[in-house]
Amino acid sequence: MIQPVKEKIILGIDPGTTIMGYGLLKVVGTKPQVMTMGVIDLRKYGAHYLKLRRIFERVVGIIEAYLPDELAIEAPFFGKNVQSMLKLGRAQGVAMAAALSRDIPITEYAPLKIKMAITGNGQASKEQVADMLKRMLHIPESDMLPFMDATDGLAAAYCHYLQMGRPTLTKEYSGWKDFINKNPDKIKR
């Protein structure tokens, strides 16, 4: 069950070095609503370092405009091209640095986990994720963007919203013996 909150704004980011997607969810009580979604278009920047600067500036601008409480970001997945993965990791790191510069807590989610949370299928396509978000969050067709990176960013935020109901362990255990020592009332003798 989702734990109710007075109000929480979640920024979701789908990192990219050509197009970076983002989406913002406002959660009031237990009800999420889309604030906005969009993309940071980096195609006109030739040098990778200029792209990184633009990512930082735009993410800080989004943070200052919407004041999110938390950032949910998609983790880079292991690909065959090491150079592409390195660039993607840098883009993710710069977006995270922008959030950290504003003291915003960050949670990273694997692409498979995000897709699974939204569609129930870890191998879902971008189109399937976008369609499910459209239906679940009642997004009008006119608000859907041509770049699915925006809905991927929103998907990271929605995945994080769904995690709000997951209980957290208040105690950590190093093994069964430790569990028994810390919970003698749970043992029948």
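This passage describes the fold of a single chain and then turns to the packing of its helices and to several individual residues.

The structure considered here is a predicted model, and all the values given below were computed from it. The chain contains 6 helices and 5 strands, and these elements follow one another along the sequence in the pattern β-β-β-α-β-α-β-α-α-α-α. Along its principal axes, the C-alpha trace spans about 70 × 40 × 35 Å. The chain has 189 residues, of which 42% count as buried. When contacts with a separation of 6 or more are considered, 62% of them are accounted for by residues that lie 24 or more positions apart.

The packing of helix 3 against helix 5 was examined in some detail. In general, two packed helices are described by the angle between their axes and by the distance between those axes. For helix 3, which covers residues 111-119, and helix 5, which covers residues 148-163, the angle is about 75° and the axes are 9 Å apart. Because angles of 65 to 115 degrees count as roughly perpendicular, helix 3 is described as roughly perpendicular to helix 5. On the side of helix 3, the residues that take part in the meeting are Lys113, Ile114, Ala117 and Ile118, while helix 5 contributes Ala155, Ala156, Tyr158, Cys159, Leu162 and Gln163. Sorted by class, the residues of this contact comprise 8 nonpolar, 1 polar and 1 charged.

Within helix 3 itself, the buried residues are Pro111, Ile114 and Ile118. When the helix is viewed down its axis, these buried residues fall within an arc of 65°, and they therefore line one face of the helix. The elements that cover them include strand 4 (70-74), strand 5 (106-109), helix 4 (126-136) and helix 5. Just after helix 3, Gly120 takes a positive phi of about 85°.

A comparable description can be given for helix 4, in which Val129, Ala130 and Leu133 are the buried residues. Seen down the axis of helix 4, the buried residues lie within an arc of 95°, so that they too line one face of their helix. Among the elements that cover the buried residues of helix 4 are helix 3 and helix 5.

Helix 5 also holds an aromatic pair, and the count for the model comes to 1 such pair. The ring centres of Tyr158 and Tyr161 are 5.3 Å apart and the ring planes stand at 45°, so the pair is classed as tilted. Both tyrosines belong to helix 5, where they are 3 residues apart, which corresponds to about one turn of the helix. As a general point, an α-helix has 3.6 residues a turn, so residues three or four places apart point the same way. Tyr158 and Tyr161 are both buried, and Tyr158 is also one of the residues of helix 5 that meet helix 3.

Two residues other than glycine have a positive phi and deserve separate mention. For Asp103, phi is near 55°, and this residue is placed in the loop between helix 2 and strand 5. The relative accessible area of Asp103 is 71%, and the residue is therefore exposed. His138, which is likewise not a glycine, has a positive phi of about 55° and is found just after helix 4, in the loop between helix 4 and helix 5. With a relative accessibility of 64%, His138 counts as exposed.

Two further residues, Lys51 and Ser84, were considered in terms of their surroundings. Lys51 is located in helix 1, which covers residues 48-66, and because its relative accessibility is 14%, Lys51 counts as buried. If its neighbours within four places in sequence are left aside, Lys51 is in contact with Thr17, Leu42, Tyr45 and Gly46. Between Lys51 and Met85 the separation in sequence is 34 residues, and the distance from C-alpha to C-alpha is 15 Å. Ser84 lies in helix 2, which covers residues 82-100, and at a relative accessibility of 42% it counts as partly exposed. Although Ser84 and Thr17 are 67 residues apart in sequence, their C-alpha atoms are 8.9 Å apart in space.

How values were computed: Residues numbered from 1 in each chain as written. Predicted model: local features only at pLDDT ≥ 70, side-chain atom pairs only at ≥ 80, totals over all residues. Heavy atoms only, no water. Axes fitted to C-alpha atoms, helices over the stretch in contact; angles between N-to-C directions. Helix = DSSP H or I, 4+ residues; strand = E, 2+ residues; numbered from the N terminus. Parallel < 35°, antiparallel > 145°, perpendicular 65-115°, else oblique. Contact = heavy atoms within 4.5 Å. Nonpolar A, V, L, I, M, F, W, Y, C, P; charged D, E, K, R; others polar. Phe/Tyr/Trp six-rings, centres within 6.5 Å; stacked < 30°, edge-to-face > 60°. Buried < 20%, exposed > 50% of the residue type's maximum accessible area, 1.4 Å probe, protein only. Arc of directions from axis to C-beta.
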